[in-house]
Amino acid sequence: MGGFSYQSLMHLGGVVVITHADIVDLGRLSTERWPLISLYLRIDKERIDEDYAIRLKNLLRDAADTLGDRFDHEQTEAILADLERIREFFQDSGDRYGRGVALFSSSRAGIWRVYEIPRDIESQISIGFEAQIAPLIRLLEQLDACCTCIVSRDRARIFYGVTAEISEIGEILDEVPGQHEQGGWAQARYERHIEEHVRAHFKRVADRLFQLWNERPYRFLILGGPEEVVQSFLDHLHPYVRDRYIGAIHLLMVANINEVRQESNAVLARWRQTETQRLIETLRDEALSGDRGVVGIDKTIMALQQGQVLTLLVDESLHVPGAVCSRCHSVQPETNATGTECVFCRGELVHVEDVLPSITTMAFRQDAAVIYPKVPELQAQLRDLGRIGAVLRFNIPSEPVA
Ligand SMILES: [Zn+2]
């Protein structure tokens with residue numbers, strides 16, 4: 001039997017790859033006295049026509065230039081020191097990152113966190129008293145763990161990682177007597193003997209997948225191999241693992257890593273499309289019956305305010321100017337946010353160009369799934385529903401509370 005060891009995928013060369021749990025944690029990160037810088041930088045070494053160092057230099061300069069009188073003298077000094085620390089960090093260590101970086105810094109408050117993130121990020125910087133996690137919420141689906149297993153009657157190769165980045169982590173090789181080898185036994189008995197070996201092999205592979213699931217839970221399982229092999233192997237999986245199964249790829253044992261990634265991602269994309277279609281239909285039905293769904297920005301914000309959102313569906317190009325309460329974080333679209341006081345807590349309203357980052361952060365913090373349809377056809381369906389909507393946890397009152 002082949003060796004089976006897990007490479008550390010989460011800490012490659014001292015670089016910490018961000019996880020869903022990190023984002024939950026960052027969502028709770030806040031400071032009182034000392035401002036917190038949230039920086040996102042696309043490095044993307046696959047594109048040689050761009051230089052992240054220039055992007056970084058511009059971001060840091062713009063951040064320093066636009067501080068104005070938002071902060072007092074000591075706070076401003078602390079921010080400028082952190083901007084310099086960030087510049088030095090990338091000068092020394094930037095080359096260790098190949099995709100994107102999320103960095104959170106408030107040195108005076110003892111905060112310094114750096115993560116490798118997917119390359120699909122818009123470079124930006126913001127300074128406040130909470131970590132800006134909205135850009136990470138858009139990347140969440142790329143962070144789901146996925147396991148792909150190519151299986152045959154005597155071998156298995158196991159791949160694991162976050163979506164689009166799976167790597168091979170183990171191989172299982174079992175001895176199964178050859179199909180054409182003739183023993184002294186009667187043919188039927190000999191074939192039964194072979195089938196017992198195959199079942200034992202399937203059992204061993206299924207146990208490994210369950211062990212992996214226990215150690216590093218994966219959201220998706222994809223199987224590869226001849227169809228009849230995949231079908232009989234499925235019966236050996238633990239029910240928890242079986243529940244993760246979303247489809248098969250038709251690759252043979254000799255497939256290279258790029259083929260495995262490409263085929264796995266195609267299965268994932270199909271699964272997401274079907275799932276998003278189902279959610280949009282649920283949203284439409286529930287919003288029409290007025291029961292467990294709301295569409296449009298105002299009703300969606302109200303549902304969030306009441307902590308009722310189970311799934312938030314957002315058009316990724318939607319931007320809505322408005323205001324956010326600096327005390328209770330409630331969000332108010334421009335049309336409602338005429339005053340300077342929060343209608344809920346009388347805290348100070350801060351006017352912003354776009355309330356969507358606050359909306360998605362609110363949804364994420366109340367444990368809602370945040371979905372951005374990726375396929376044009378689905379995006380069009382969501383636009384017809386007001387570009388934003390939510391499937392709710394329970395019924396909303398039929399009369400709005402005055
Ligand atoms: Zn408030």
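This report walks through a predicted model of one protein chain, from its overall layout down to a few of its strands and helices.

**Overall layout**

Let's begin with the whole chain. Its C-alpha atoms fill a box of roughly 90 × 60 × 35 Å along the principal axes. The chain holds 11 helices and 18 strands, and of its 402 residues, 32% are buried. Looking at contacts between residues at least 6 apart in sequence, 69% join residues at least 24 apart. The domain assignment splits the chain into domain 1 (11-141), domain 2 (144-255) and domain 3 (274-392). Taken over C-alpha atoms, the centres of domain 2 and domain 3 are separated by 43 Å.

**Strand 7 and its partners**

A good place to zoom in is strand 7 (145-151). This strand is mostly covered, with 7 of its 7 residues buried. On one side sit Ala145, Cys147, Cys149 and Val151, and on the other Cys146, Thr148 and Ile150; both faces are covered. Two pairings of strand 7 are set out here.

| Partner of strand 7 | Sense | Bridges | One facing pair |
|---|---|---|---|
| Strand 8 | antiparallel | 7 bridges | Cys149 and Ile158 |
| Strand 10 (residues 220-224) | parallel | 5 bridges | Cys147 and Leu221 |

The link from strand 7 to strand 8 is a hairpin, made through 3 residues.

**Helix 5 and what covers it**

Does the length of helix 5 fit its residue count, or depart from it? Helix 5 (residues 187-215) has 29 residues, and at 1.5 Å a residue it should span 42 Å; the C-alpha atoms at its ends are 42 Å apart, so the two values agree. Its buried residues are His201, Phe202, Val205, Ala206, Leu209 and Leu212. In an α-helix there are 3.6 residues a turn, so residues three or four places apart point the same way. The cover over the buried residues of helix 5 includes strand 7, strand 8 (155-162) and strand 9 (167-173), together with helix 6 (227-234) and helix 7 (239-242).

**The nonpolar core**

Which residues have the most contacts inside the largest nonpolar core? They are Cys147, Cys149, Leu312, Leu313 and Ala363, in a core of 96 residues. Cys147 and Cys149 have already appeared on one face of strand 7. Leu313 has its own set of partners: beyond its neighbours within four places in sequence, it is in contact with Leu279, Ile280, Leu283, Ile371, Pro373, Leu382, Ile388 and Gly389. As background, nonpolar side chains in soluble globular proteins tend to be buried together.

**A three-stranded sheet**

Further along the chain there is an open sheet of 3 strands, in the order 15-14-16 and with antiparallel pairing. Strand 15 (331-333) and strand 16 (349-352) are its edge strands, each pairing on one side only. From one strand to the next, the twist averages 25 degrees. Strand 14 (residues 322-325) is joined to strand 16 by 4 bridges, and Ala323 has His351 in strand 16 as its bridge partner.

**A look at Phe90**

Finally, a single residue from helix 3 (residues 73-93), Phe90. Is Phe90 buried or exposed? Phe90 is buried, because 21 other C-beta atoms lie within 10 Å, where 20 or more is the cut-off. Leu56 is 34 residues away from Phe90 along the chain, and their C-alpha atoms are separated by 8.7 Å.

Terms used. Residues are numbered from 1 along each chain as its sequence is written. This is a predicted model: local features need pLDDT of at least 70, side-chain atom pairs count only at pLDDT 80 or more; totals for chains, interfaces and linings use all residues. A nonpolar core is a set of buried Ala, Val, Leu, Ile, Met, Phe, Trp, Tyr and Cys residues joined through C-beta atoms within 7 Å. A residue is buried if 20 or more other C-beta atoms lie within 10 Å of its own, exposed if 12 or fewer, and partly exposed in between; C-beta atoms are placed from the backbone. Two residues are in contact if their C-beta atoms, placed from the backbone, lie within 7 Å. Domain bounds come from an automatic or database domain assignment. Two strands pair if DSSP finds at least two bridges between them. Helices (H or I, at least four residues) and strands (E, at least two) are DSSP runs, numbered from the N terminus. Axes are lines fitted to C-alpha atoms, for helices over the stretch in contact, and angles run from 0 to 180 degrees between N-to-C directions. The expected span of a helix is 1.5 Å times one less than its number of residues.
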